[in-house]
Amino acid sequence: GHGFDGYSNLIDVHINHLRKKVERGFSSKLIHTVKGVGYARFDASAGSYSVEYGPDTTAPTLTPQDPVDGADFVNPGSEIVARFSEGMDPQSISASAIQLLKAGVPIPASVRYDALDQTIHLKPSAALQTGTTYTVVATGGAGGPTDLAGNPMAGDVTWSFTTMPDPGCPCSVWTSQDAPLV
């Protein structure tokens with residue numbers, strides 16, 4: 001996302017400038033390059049250090065934010081928001097992978113991923129019906145959203161909510177006998 005070219009030397013150039021500034025006058029390096037992984041900063045105190053890096057094999061998780069599972073009186077015009085535990089591959093997030101259902105039937109909705117706060121935003125194409133229970137299903141495993149390392153969610157994530165009931169309007173402060181004539 002955001003047009004970043006992972007093969008650019010932009011980071012290397014800035015780290016080199018930072019090294020020159022912060023390591024001036026020190027006999028040991030403060031910033032260490034770990035080839036193929038990135039950069040690390042270690043305290044300049046004496047001692048030996050061991051750092052182990054490995055591939056990311058942790059499945060991402062998804063947590064409903066708004067509305068939460070079991071919520072009642074949800075505004076029928078609300079956007080549905082959930083947060084991933086880590087950065088996700090935007091290409092893996094689609095309306096077929098994240099669905100809004102009413103009685104098991106998909107409701108047309110758009111899905112947007114916000115990489116900055118790692119959230120999905122599900123926006124129904126039309127206002128939801130009042131007093132109705134809806135379910136959101138995010139598909140786990142193959143065909144579902146994956147993190148930046150390609151790991152899918154371990155399983156489906158499902159939560160439900162109910163929209164606010166119909167207020168029974170049109171409403172009036174007047175009884176039918178006392179209503180002003182228009």
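Let's start with Tyr-134, which is buried, at a relative accessible area of 2%; buried here is under 20% relative accessible area, exposed is over 50% and partly exposed is in between, with a 1.4 Å probe and protein chains only. A quick word on the ground rules: this is a predicted model, where local features need pLDDT of at least 70, side-chain atom pairs count only at pLDDT 80 or more, and totals for chains, interfaces and linings use all residues. Residues are numbered from 1 along each chain as its sequence is written, and side-chain values use heavy atoms, leaving out hydrogens and water.

Now, the rings. Rings of Phe, Tyr and Trp (its six-membered ring) pair if their centres lie within 6.5 Å; planes under 30 degrees apart are stacked, over 60 edge-to-face, and the rest tilted. How many aromatic pairs does this rule give? The count is two.

In one, Phe-84 meets Tyr-113 edge-to-face, at 6.2 Å centre to centre and 70° between the planes. Both Phe-84 and Tyr-113 are buried.

In the other, Tyr-134 and Phe-161 are stacked, with 6.0 Å between centres and 25° between planes. Tyr-134 sits in strand β10 (residues 133-138) and Phe-161 in strand β11 (residues 157-163), so this pair ties together parts 27 residues apart in sequence; strands are DSSP runs (E, at least two residues), numbered from the N terminus. Phe-161 is buried too, at 1% relative accessibility.

Last stop, Glu-79. Is Glu-79 buried or partly exposed? At 29% relative accessibility, Glu-79 is partly exposed. You'll find Glu-79 in the loop between β4 (71-74) and β5.

Definitions and conventions:
Helix = DSSP H or I, 4+ residues; strand = E, 2+ residues; numbered from the N terminus.
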